[in-house]
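Visitor: I've got the model open and a few things I'd like to ask about it. Could you walk me through them?

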Amino acid sequence: MRVNFTVNGRPQEADDVWEGESLLYVLRERLGLPGSKNACEQGECGSCTVRLDGVPVCSCLVAAGQVEGREVVTVEGLAEYAKQRAEGGCATGACGTSLDEAKSWQAKGSDSQTGEGTELSPVQQAFIDAGAVQCGFCTPGLLVAADEMLERNPNPTDADIREALSGNLCRCTGYEKIMDAVRLAAARQSEGV
Amino acid sequence: MPANGAPTKITQGYRTKGGIGESTLRPDGTLKVTGEFAYSSDMWHEDMLWGQILRSTVAHAEIVSIDTSEALAMPGVYAVMTYDDLPTEVKNYGLEIQDTPVLAHGKVRHHGEPVAIVAADHPETARRAAAKIKVDYKELPVITDEASATAPDAILVHENRDDHHAGHVPHPNIVHRQPIVRGNVEEARKRADVIVEGEYTFGMQDQAFLGPESGLAVPEEDGGVHLYIATQWLHSDLRQIAPVLGLPEEKVRMTLAGVGGAFGGREDLSMQIHACLLALRTGKPVKIVYNRFESFFGHVHRHPAKLYYEHGATRDGKLTHMKCRIVLDGGAYASASPAVVGNASSLSVGPYVIDDVDIEAIALYTNNPPCGAMRGFGAVQACFAYEAQMDKLAKKLGMDPVEFRQLNAMEQGTIMPTGQPVDSPAPVAELLRRVKAMPLPPERQWESSEGADVRQLPGGLSNTTHGEGVVRGIGYAVGIKNVGFSEGFDDYSTAKVRMEVVGGEPVATVHTAMAEVGQGGVTVHAQIARTELGVTQVTIHPADTQVGSAGSTSASRQTYVTGGAVKNACELVREKVLEIGRRKFGSYHPAWATAELLLEGGKVVTDGGEVLGDLADVLEGEVVEVEEEWRHRPTEAFDLRTGQGNGHVQYSFAAHRAVVEVDTELGLVKVIELACAQDVGKALNPLSVVGQIQGGTTQGLGVAVMEEIIVDPKTAKVRNPSFTDYLIPTILDTPTIPVDVLELADEHAPYGLRGIGEAPTLSSTPAVLAAIRNATGLELNRTPVRPEHLTGTA
C-alpha cells in the first residue's frame, strides 16, 4: 500500500508498504530516518517514541496505515519543532516546510563526524551538557518524551519528570543525569536562555 | 585557538583546554541527540537483504531432520543455510573453548540455539521463511543443575572434550574448577567464637543493552567481506569469524558500527558469522537485526549461582576463616565461564583480611541458556553472598555492620587468598566511612499537606498504600573487583596517533580498535591526546581492524589499557615532534637542547614555562605517526590445585548505602536512595565517572529487586524473553544516587587511574538486600527479591 503523511513538517509518501509494517519500520527503513530506535519493538522501552499529531506514541506499536494523513515528529525534527514552538509558530508541526527550508534541514549536521554546528533544541543541548547520553540508544525517545512534557509542564517537579519518563528505559545512566538534563532544560527554558 | 605566528610569551601555568581531569563533553553527543549517530541496526545498503535465524524450540534434542524446501521456494528468499552449507571444516567458535556450533549439528543443547539461517528481501519474508523450515527434534533429558549435571548417569552436554580444562575437572559436565587454599581452615576455626553459615542463590541476569544485536555484512570484490558490527572487541570477533568463512583475516574487514550498550553481552559472537555467510552465499549485502525476543536468546547472560559460605570470627570481631563453594551455571556452551570461575574464586573472600581460606568455584555445563560475561564478571555473585555473611556475623557479635567490616577491611599490603599482595591503595574502610557519613534522606517523604503522595511510596501510582505497613531499612555493602584481563592473559592494546597541521592548526588523530559502547572511551582518548600533545583539536578515527587490537571493552580495562596505549603513542609522537623542532629551530634557543620540553596550548614550552615555538611551525610540512602496542604489567595463572598466583593487575573498590522502604503487607520495595563511594584513582572525566557509577549501581539495583531470566527447571526453556516479563529499572524504580568519588592514585597505572565500570555493580545489590533485611527482619538468601519472598507466600 501507499502511505501519505507528514514527517517533521515535510510531506512524505511511502510506497510498497506491507500492511504489517509499523510506523517505526517505515521511518527507519523506507524514509531514511533511523533516529527513532528499535530497542524492543513491543512498546515497553520507549526508544521509538515519536509524536503523532502532537501525542507521544511508541512508533513500533503504530501500524503504518494508521498514520495516513497525519503529522509525525521524530527526533530528527525535534530541533526545528522546538524552534518553531519558541518562535510562536506552529507547535504541532502542521505548518509544513517550504522547499528551501526542507533543503536546509537536510543539509544539517555540518561536521559529518561530530555534528558540530548543528542547531539543537534546549532539551537536546541539556542532555549533552548534563552527561545524560552514554550509549545513546534510549536518547531519541527520551528527548521526544521530555520535550513534550516540558511543553505541557514548563516547571516540572522531580516526581513529574519521573512520571513522564517512566515509559522510557535507559540501561546506561541510572537516570540521574537524565533527571539533571531535564531540570537543566526546564531552568534554561524558564530563564529564556 | 592557537594561531599561526610568532610565539606568545607565556611564562607558566599554561594548560591545554579539554585535557584529562576535565568533564569534557562527548564527541559523539550531538550526533546521538539528533538521531544521526549510526548504530549497527541503522546500517543500510542498496540492494540489501535481511537475514533471519531459526532457533531451536527445545533445550536438548537430537536433530532427526531439517527440511528447508518450503522456505527456499518462497518468493523473495535468496538463501537458506544449515550446518551442511558451512564452507570449511571450522564449524565451531568460542571465546576460549571452541565449543559453540555456528549452526546446530545433529543436536541442540539449549533453548534458542541457531539451527538455520535465511536471507530474503524483506525482514518479514525472512521471518516467515524461517518459520517454514521443518526441524524434527527427538528430545533428550535436560541437565539443569549441579545434581543433574554430575549424577553418575548424567548425559554429557559435550562429549569427547579435548579443551585445556578437560583434564583437570572432576566431571565432563564441569567447564572449569578453581580451588584456592591458603592457611589452615581447620585450625583457624578453633579460634572462632562465632561461626555463620549460609546458602545463597543468585538469579540469572540479562545485560539488556538497548541496541539489539545487529550488523551489516557487505561482500567485497576480492571475495572477502566487510562487516559493520556492534561488538566489544573487533579483533576477537575477527579471530573467530575468519576461519569459519575460510578467509584470511585480511579479507574480513571489520568496522565498529554504533553500539547501543554492551555490559558483557557482546563479548561473544551473535549474528556476525551468520550475516557474513549469507552475504558471501548471495553476493549481496545482508543485514541482521534481532528483535528483543531474539536478543534474550542471542547473547549469554550473567551466571546464576549457588554459593555456600562459612565464616568464623572472634568475640572482638576479627574474622578467623572462610570456607566457600561457588557453583556457577555456565549453560550449554563455555563462553567466558573459565574466566568467570577464576574471578569468583579469587575474589570470593571480598575486600577483607582472612588468612585461612578454603575456596572452590566451578562452572557447570547444563542445558540452560549459555552464560558468560556481564559487568562484574563472577565478582558480583560472590559479593552478594559474602556481604550477607558479614551482616550475619555482625548481628551475631552484636556489632555495627559497618564497624565490623572496617575492622576486617583490607588495605594496601594485604595478601589476597591467591598470595598476591595488594600493592596500591585499598581504601575499603574509608569508602565505608564516607557512605555512612552522607546525610540520610528524610523519613516519610511521601507525607504532604494534601495527604500522601503515592508516587513516593512503594507501589507508586498503583496506589497500594498511603504509608500503612511501610517500614524503612538501611543496608551497607562493599566489594572488590579486578581490573583488566587476569590469569596471565596477554592483555595489550594498540593505539595509532598522528599529528599534522590542518588549516594552519596542529591536529592530532587517534586511531584505535577500541569499541565505544557508551562508556565514553572516545571522550577520554581525545582528552589524553590534548594533555600529551598540547592540541585543542583531536580527531577520533572510527574503530576498525585496520589498526591493531585494542582488546575488549570489558573488565573495566579500556581507560587503563587503551587509554594507556594512547598515552604511550602520544608520548612517542611528542618525542618525534620535539626532534623535528630541534632540527628546525634548535639553533635559535639553547633550551631546545637542554630543557625538558612539553607540548602545551599548541606550543612547545620548557618545563619552566618558556615558549620555544608554535607546534604549527614545527609540524609545517611534516606528518608524525606512531602505532604501538602497550601492555600493563604481566599477571600469572592461578595454580590449579592451590589457586596461588599473582593473577590480577589492579583492584577496584566501591561501597554502597541503600535506604529502602518496604510495604510489608504486599512485599513491595521502593529504594529511596542508593549512595555510593568509590575510589577511582584519577577521574579522567569526572562527569563520565559519575555516570558510570550511577549506571552500574542501577544494574545492581535491578538484580536486587526485579531482574531475573526465569528458566523452567523441567524443560530448560526461557519463560520471560521480553521487556514485558523481564523487568529492568525504570526512572520510577531508580532512586537518587549520590556519589562520593575518591582519587587515590595507583602508581602502576596511567595517570594513577583505576578501572571503574564494574565495582559499583557489585556492592549495590547486597546493600539493597541488607536494607530490605533491616526493614523486614527476614533472612533473604536469594536475589532478586520478589514480593512473595517478603510476604511469606513464595
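Visitor: Which residues of α9(B) are buried?
Guide: Keep in mind that this is a predicted model. In helix α9 of chain B, residues 337-346, 10 of the 10 residues are buried, so the helix is largely enclosed by the rest of the structure. The buried ones are B:S337, B:P338, B:A339, B:V340, B:V341, B:G342, B:N343, B:A344, B:S345 and B:S346.

Visitor: And what do the buried residues of α9(B) pack against?
Guide: Their partners sit in chain B and include one helix, α10 (379-397). The strands they pack against are β9 (174-182), β17 (319-329), β18 (356-364), β19 (371-372) and β22 (470-483).

Visitor: Which element gives the most to the side of chain B that touches chain A?
Guide: The contact takes 51 residues from chain B and 49 from chain A. On the chain B side, α1 (29-34) and α17 (686-705) each supply at least two residues. By class, that side has 19 nonpolar, 24 polar and 8 charged residues. With 7 residues, the top contributor there is α17(B).

Visitor: Are α17(B) and α18(B) roughly parallel or oblique to each other?
Guide: Their axes come within 7 Å and cross at roughly 40°, and α17(B) passes α18(B) in a right-handed crossing. Roughly parallel would need an angle under 35 degrees. The pair is therefore oblique.

Visitor: How many charged residues does the contact of α17(B) with α18(B) have?
Guide: From α17(B) the contact uses B:I693, B:G696, B:T697, B:Q699, B:G700, B:L701, B:V703, B:A704 and B:V705. From α18(B) come B:P760, B:T761, B:S764, B:T765, B:V768 and B:L769. By class there are 8 nonpolar and 7 polar residues, and the charged count is none.

Visitor: How do the residues of the contact of α6(B) with α7(B) divide by class?
Guide: Helix α6 (residues 234-245) and helix α7 (residues 272-282), both of chain B, have axes that come within 10 Å and cross at roughly 35°; the crossing is right-handed. α6(B) brings B:D237, B:I241, B:V244 and B:L245, while α7(B) brings B:Q272, B:I273, B:C276, B:L277 and B:L280. The split is 7 nonpolar, 1 polar and 1 charged.

Visitor: On to backbone oddities. Is B:S556 buried or exposed?
Guide: B:S556 has phi near 55°, a positive value in a residue other than glycine. It's in the loop between β25 (537-540) and α14 (558-585) of chain B. The cut-off for burial is 20 or more C-beta atoms within 10 Å; B:S556 has 26 such neighbours, so it counts as buried.

Visitor: How does A:D53 count in terms of exposure?
Guide: A:D53 also isn't a glycine, and its phi is positive at about 50°. Its loop runs between β3 (49-52) and β4 (55-58) of chain A. With 15 C-beta neighbours inside 10 Å, A:D53 counts as partly exposed.

Visitor: Which peptide bond is cis?
Guide: Look at the loop between β33 (782-783) and α19 (787-791) of chain B, where B:P784 lies. The bond leading into B:P784 has omega near 0°. That's the cis bond from B:T783 to B:P784.

Visitor: Last one: which residues does A:E13 touch, beyond those up to four places away in sequence?
Guide: A:E13 is in strand β2 (residues 10-14) of chain A, and it's exposed, with 10 other C-beta atoms within 10 Å. Its C-alpha atom is separated by 9.5 Å from that of A:E68, 55 residues apart along the chain. The residues it touches are A:R2 and A:N4.

Methods
Residues numbered from 1 in each chain as written. Chains lettered and ligands numbered in written order. Predicted model: local features only at pLDDT ≥ 70, side-chain atom pairs only at ≥ 80, totals over all residues. Buried ≥ 20, exposed ≤ 12 C-beta atoms within 10 Å, placed from the backbone. Helix = DSSP H or I, 4+ residues; strand = E, 2+ residues; numbered from the N terminus. Contact = placed C-beta atoms within 7 Å. Nonpolar A, V, L, I, M, F, W, Y, C, P; charged D, E, K, R; others polar. Axes fitted to C-alpha atoms, helices over the stretch in contact; angles between N-to-C directions. Left-handed = near helix turned anticlockwise from the far one by under 90°. Parallel < 35°, antiparallel > 145°, perpendicular 65-115°, else oblique.
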